[in-house]
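Work through the exercises below with the structure open beside you. Each task is followed by a stepwise solution.

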Amino acid sequence: MEQEIKKYQQQVQESIPIGRPDTDVQDILRAVALAVSAHDGQYRSSGEPYVTHVLAVGKILLQMHIDTATVIAGILHDVLEDTETTSEYITEQFGDEVLFLIEGVTKLGHLKYKGVQRHVESLRKFFIASSADIRVVMIKLADRLHNMQTLEYVREDKRKRIALETLEIHARLADRLGMGSIKTQLEDLAFPYVYPDEYKKTVELLHEVTSATESHLANVAKTLFEELQILDAQVNTVDYRVKHLYSLWKKLKHFNYDINKIYDILALRIIVPSIVECYHALGIIHSLYKPIPSRFKDYIALPKPNGYQSLHTAILDGQGEIVEIQIRTPQMHTEAEHGIASHAVYKEQGEKSLNNKPIHTQSKKHNWTKDVLQVEQNITDAKDFISKLKLDFFDERLFVYTPKGDVIELPRGATAIDFAYAIHSEIGNTLSSVKVNSKMVPLHTVLKQSDVVEIIHHEKSRPNRKWLGMCKTHLAKHHIKKYLKEHGGIMDRFFVR
Ligand code: MN
C-alpha cells in the first residue's frame with residue numbers, strides 16, 4: 001500500500017503546475033493518499049484501479065488552475081458514496097469547504113431517471129448545484145470529461161445515452177461558463193457515439209482540407225511573426241489551431257456539407273502582451289494584407305455573451321487563400337480556455353465584506369432554482385420543458401458571480417448597483433466602487449454573462465438620486481428610494497448636482 005500511495009502521489013505531483021503554495025501541494029498529496037487507500041480493491045470497467053479515475057479528475061482540475069479545495073474535492077469526489085470514509089473524517093482532515101463540495105457532487109449523482117425525463121432531471125440538478133456553488137459543477141464537468149475519455153469501456157448500449165447527455169447538458173453548461181477547452185473536448189468525445197456517420201464524413205472532409213493547408217498555414221504563421229517583429233509589434237506567439245470536429249460539423253450542416261464555404265477551419269492565433277498590442281498587430285496585418293471587411297469582429301470591445309474576447313479578422317494571404325486570424329492577450333486566452341474557472345483561483349486573503357465576514361448570498365441565490373422548479377410543474381411534457389429552459393434560462397438570463405463563485409441571477413441590462421442590492425441592501429447602500437473581472441469599472445456598467453463582480457464598499461458611501469437611473473431591478477430602485485426618503489432632504493442637497 002505504501003508503495004502504491006507513493007507511486008500515485010508522484011504522478012499527481014508531476015502534473016501540478018508550478019506556482020501553487022507548498023502547503024497546498026502537501027494537502028493535495030494527502031488527499032491522493034486517502035483516495036488510494038479508500039478505493040483499494042475497486043476497479044473500473046476498463047480493468048484499471050478505480051483510483052485512476054478520481055486522480056484523473058484531480059489532474060483535469062489542476063490544469064484548469066482552480067483553487068486547492070476544489071482539486072481535493074475532485075480527488076475525493078467518490079469516497080463518501082463508494083467507500084468507508086466518513087464525512088467527519090473529511091472535515092477533520094480537509095475542512096468544511098472540501099466536505100461541502102464533495103457532498104454537492106455526491107448529491108448531483110444520486111437520482112436515476114429514464115429517457116428524456118432523465119435529462120430534465122439532470123439539468124435541474126445542475127441548476128441547483130451551481131446556484132449553491134459553481135465549483136461543484138466544475139468538478140462534475142471534470143468527472144464527465146474523464147468518463148467520456150474512457151467511454152469505450154462502458155457497455156455498448158449505455159454509450160450513446162451518456163454521450164447524448166454530455167452534448168445536451170455538460171457541453172452546453174461548459175459553454176455557458178465560458179470553459180471553451182472542456183466544452184470542445186466533451187463535444188468531440190461525444191460526437192462519434194451520438195452521430196457516427198456524420199462523424200466519419202466530417203473527419204474525411206477535414207482531412208482533405210487540412211492536409212493541403214496545414215503546411216501552407218505554418219508558413220504564413222512564420223512570415224507574419226517576422227513581419228510583426230520587423231514593424232516593432234510585441235508578439236508572444238503566432239500559432240494556428242484546427243477547428244474542432246463537432247463545431248465544424250454544425251457549420252457543415254448549415255452549408256450543405258460544402259467545406260469550401262467554411263473559412264475558419266484553420267485559424268492563425270496571435271498572442272500579444274496587451275490589449276493595445278492587439279490593435280497594433282491588427283493594424284499592421286491590415287496594412288500588409290487585404291482584409292475581408294465582413295469578417296472583422298471586435299470581440300474585445302464587444303465580448304460574446306459568455307465573456308469571450310479576441311479580435312477576429314480574415315485576410316487574403318497573397319496566394320489566393322483566405323486566412324482567418326485571431327488576436328488576443330494571454331489573459332483572454334486563459335479565459336477562453338477555462339472561463340469561470342480562471343476566476344475561481346484561490347485567493348490567499350479570502351473575500352471579506354461588511355464587518356470582515358464573508359459575503360453570504362444564501363437568501364438571494366436560489367431565485368432561479370425556484371423558477372426552474374415552477375416551470376417544471378407547469379409543463380408536463382419533458383421535451384417542452386427542455387426547450388423552454390434552453391430559451392428562457394440559457395439565453396434570457398444573466399448569471400454573474402461573486403469572487404467566491406456564488407451565482408447571482410439578474411435580468412439583462414443589470415448593473416453593479418443591481419448586483420450589490422441583490423446581495424444585501426446594506427451592501428448596496430454602502431457601495432463605493434466595483435471591479436468586474438478584476439478591473440475597476442464605473443457603477444453604471446452593464447454586466448455581461450459570467451462576469452465576476454467584486455463590490456467594494458465604504459462606510460461613508462451613500463446612495464444618491466442618480467443611481468435610480470443607473471440600475472434595472474425593482475429591488476435596487478426600491479432600496480435606493482427607501483434610503484433617500486428616510487434620509488430626506490439633507491441627502492438630496494448633498495448628492496444632487
Ligand atoms: Mn466519478
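**Exercise 1. Find what the side chain of Asn-464 reaches, and place this residue in the chain.**

Step 1. Look at the backbone nitrogen of Lys-466: a polar atom of the Asn-464 side chain lies 2.9 Å from this nitrogen. A polar contact is a pair of N or O atoms within 3.5 Å; within protein, one must be able to donate a hydrogen and the other to accept it, and residues adjacent in sequence count only if both atoms are side-chain atoms.

Step 2. Locate Asn-464 in the loop between strand E11 (453-457) and helix H20 (474-486). Helices (H or I, at least four residues) and strands (E, at least two) are DSSP runs, numbered from the N terminus.

Step 3. Check burial. Asn-464 has a relative accessible area of 11%, so this residue is buried. Buried means under 20% relative accessible area, exposed over 50%, partly exposed in between (1.4 Å probe, protein chains only).

A note on the model: it is predicted, so local features need pLDDT of at least 70 and side-chain atom pairs count only at pLDDT 80 or more, while totals for chains, interfaces and linings use all residues. Residues are numbered from 1 along each chain as its sequence is written, and side-chain values use heavy atoms, with hydrogens and water left out.

**Exercise 2. Work out the strand order of the open sheet that contains E11.**

Step 1. Start with E9 (residues 431-436). Five bridges join E9 to E11, and the two run antiparallel. Two strands pair if DSSP finds at least two bridges between them.

Step 2. Follow the partners in E11. Val-436 stands opposite Val-453, and Val-434 has Ile-455 as its bridge partner.

Step 3. Turn to E10. E9 pairs with E10 over three bridges, again in the antiparallel sense. Here the bridge partner of Val-434 is Val-441.

Step 4. Write the order: E10-E9-E11, an open sheet of three strands. E10 (439-441) and E11 are the edge strands, each pairing on one side only. Neighbouring strands are turned by 35° against each other on average, direction ignored. Axes are lines fitted to C-alpha atoms, for helices over the stretch in contact, and angles run from 0 to 180 degrees between N-to-C directions.

**Exercise 3. Examine the positive phi values of Asn-437, Asp-232 and Asn-256.**

Step 1. Recall the background: most residues other than glycine have a negative phi.

Step 2. Take Asn-437. Its phi is near 50°, in the hairpin of E9 and E10, which has two residues between the strands.

Step 3. Take Asp-232. Its phi is near 70°. The loop between helix H12 (196-230) and strand E1 (237-242) holds Asp-232. This residue is exposed because its relative accessibility is 63%.

Step 4. Take Asn-256. Its phi is about 55°. Asn-256 sits in the loop between helix H13 (245-254) and strand E2 (266-271). With a relative accessible area of 70%, Asn-256 is exposed.

**Exercise 4. Describe the largest nonpolar core and the second, separate core.**

Step 1. Count the largest core: 100 residues. A nonpolar core is a set of buried Ala, Val, Leu, Ile, Met, Phe, Trp, Tyr and Cys residues joined through side-chain atoms within 4.5 Å. Ile-270 and Ile-325 are among those with the most contacts inside this core.

Step 2. Find the top contributor. Helix H2 (residues 22-38) gives the most, with 10 residues.

Step 3. Add the second, separate core. It has 27 residues, including Phe-419 and Trp-467.
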